[in-house]
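Here are my notes after going through the model you sent over. I've kept them as numbered points so you can tick them off with the viewer open.

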Amino acid sequence: MTGVQTCALPIFTNPDLLRSLVRPHAQVTAGVPTRIAYDHERRVSDNRSTNDGRTNGGGLVVGGGAVRTTFERNQVDVGPRTPGAGSDGPYGVHVVLDGAVNVDTVFRDNRIATTGGVPLLVVPQPALQPGLLFEGNAWDAGGAATTIAWGASTYASVEAWTAATGQGP
């Protein structure tokens with residue numbers, strides 16, 4: 001695999017918050033290990049982020065060719081950017097438009113809350129995300145209009161997005 005793998009929750013000031021589990025699997029020929037491959041599983045779980053993602057694109061961010069990454073049981077609250085603080089985002093969840101293929105990314109049982117019209121979810125290239133799955137998440141636009149951008153489509157409710165894509169909530 002080439003490229004840089006990124007998997008960031010903006011509150012990562014403590015490296016213990018991201019646990020990478022690497023499990024070796026040996027390929028055996030005639031009783032002799034001939035090749036060792038690794039299954040990579042990245043879990044980002046049980047974190048709380050309040051307005052940490054306003055300057056880097058979002059509360060939960062994935063891109064760069066991430067493989068087998070699961071975001072679960074995180075609580076993310078994202079409000080609008082301060083004036084002059086940049087132009088990308090913020091978003092509650094952001095699958096970055098970087099041309100990379102992210103494989104088997106799962107968002108499960110998270111609480112995503114935005115305020116001030118911040119979009120809940122932005123996935124610019126869902127076709128480049130095989131295995132992308134959203135399930136059991138709680139979404140709250142804080143009384144503002146709900147915005148979910150999925151490829152070329154924009155949805156005004158979680159229910160409409162779920163009906164159209166089979167994802168979610």
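1. Start with Asp77: its side chain makes a polar contact with the side chain of Arg48, at 3.0 Å. There is a second one on the same residue, since a polar contact of 2.8 Å joins the side chains of Asp77 and Arg111. Bear in mind that this is a predicted model, so please read these distances as computed values.

2. Where does Asp77 sit? It belongs to strand β7. Its relative accessible area is 15%, and because the cut-off for buried is under 20%, Asp77 counts as buried. Leaving aside residues up to four places away in sequence, Asp77 touches Arg48, Ser49, Thr50, Asn51, Arg111 and Ala113. Both of its polar partners, Arg48 and Arg111, are on that contact list.

3. Now the sheet around it. Four strands make an open sheet in the order β4-β7-β10-β13, and the pairing is parallel. β4 (48–50) and β13 are the edge strands; each has a single partner strand, so one side of each has no neighbour in the sheet. On average, neighbouring strands here are turned by 5° against each other, direction ignored.

4. For the register, begin with β7 and β10 (residues 111–114), which pair in the parallel sense over four bridges. Gln75 stands opposite Arg111 in β10. Moving along, β10 and β13 also run parallel and are joined by three bridges. There, Arg111 stands opposite Ala138, and Ala113 stands opposite Asp140. Arg111 thus turns up in this register as well as in the polar contact with Asp77. If you're checking which way side chains point, remember that in a regular strand they alternate between the two faces of the sheet.

5. Ala138 deserves its own look. It lies in strand β13 (residues 138–140) and is partly exposed, with a relative accessible area of 41%. What does Ala138 touch, not counting residues up to four places away in sequence? The answer is Asn110, Arg111 and Ile112. As for Arg108, it is 30 residues from Ala138 in sequence, with 9.4 Å between the two C-alpha atoms.

6. Glu72 is worth a click too. This residue is in strand β6 (residues 67–72) and counts as buried, at 11% relative accessibility. Not counting residues up to four places away in sequence, Glu72 touches Arg43, Val44, Ser45, Asp46, Arg108 and Asn110. Asn110 is one of the residues touched by Ala138 as well.

7. On to the aromatics. Searching the whole structure turns up seven aromatic pairs. In one of them, Phe134 and Trp139 have ring centres 6.1 Å apart and planes at 50°, so the pair is tilted. Phe134 and Trp139 are both buried. Trp139 also pairs with Trp161, this time edge-to-face, at 5.8 Å centre to centre with 80° between the planes. Because Trp139 lies in strand β13 and Trp161 in helix α1, that pair ties together parts that are 22 residues apart in sequence.

8. How buried are those two tryptophans? Trp139 has a relative accessible area of 14%, while Trp161 is at 0%. Widening the view, ring pairs link Phe71, Phe107, Phe134, Trp139, Trp150 and Trp161 into a cluster.

9. Last, the core. The largest nonpolar core has 24 residues, and the members touching the most others are Val93, Phe107, Leu121, Phe134, Trp139, Trp150 and Trp161. At least two core residues come from each of β5 (60–63), β7 (75–78), β8 (93–95), β11 (121–123), β14 (148–150) and α1 (158–165). So which residues does Trp150 touch, not counting those up to four places away in sequence? They are Leu121, Val123, Pro126, Leu132, Phe134, Tyr155, Trp161, Thr165 and Gln167. Phe134 and Trp161, both on that list, are also part of the ring cluster with Trp150.

Notes. Residues are numbered from 1 along each chain as its sequence is written. This is a predicted model: local features need pLDDT of at least 70, side-chain atom pairs count only at pLDDT 80 or more; totals for chains, interfaces and linings use all residues. Side-chain values use heavy atoms; hydrogens and water are left out. A nonpolar core is a set of buried Ala, Val, Leu, Ile, Met, Phe, Trp, Tyr and Cys residues joined through side-chain atoms within 4.5 Å. Buried means under 20% relative accessible area, exposed over 50%, partly exposed in between (1.4 Å probe, protein chains only). Contact means heavy atoms within 4.5 Å. Rings of Phe, Tyr and Trp (its six-membered ring) pair if their centres lie within 6.5 Å; planes under 30 degrees apart count as stacked, over 60 as edge-to-face and the rest as tilted. Two strands pair if DSSP finds at least two bridges between them. A polar contact is a pair of N or O atoms within 3.5 Å; within protein, one must be able to donate a hydrogen and the other to accept it, and residues adjacent in sequence count only if both atoms are side-chain atoms. Axes are lines fitted to C-alpha atoms, for helices over the stretch in contact, and angles run from 0 to 180 degrees between N-to-C directions.
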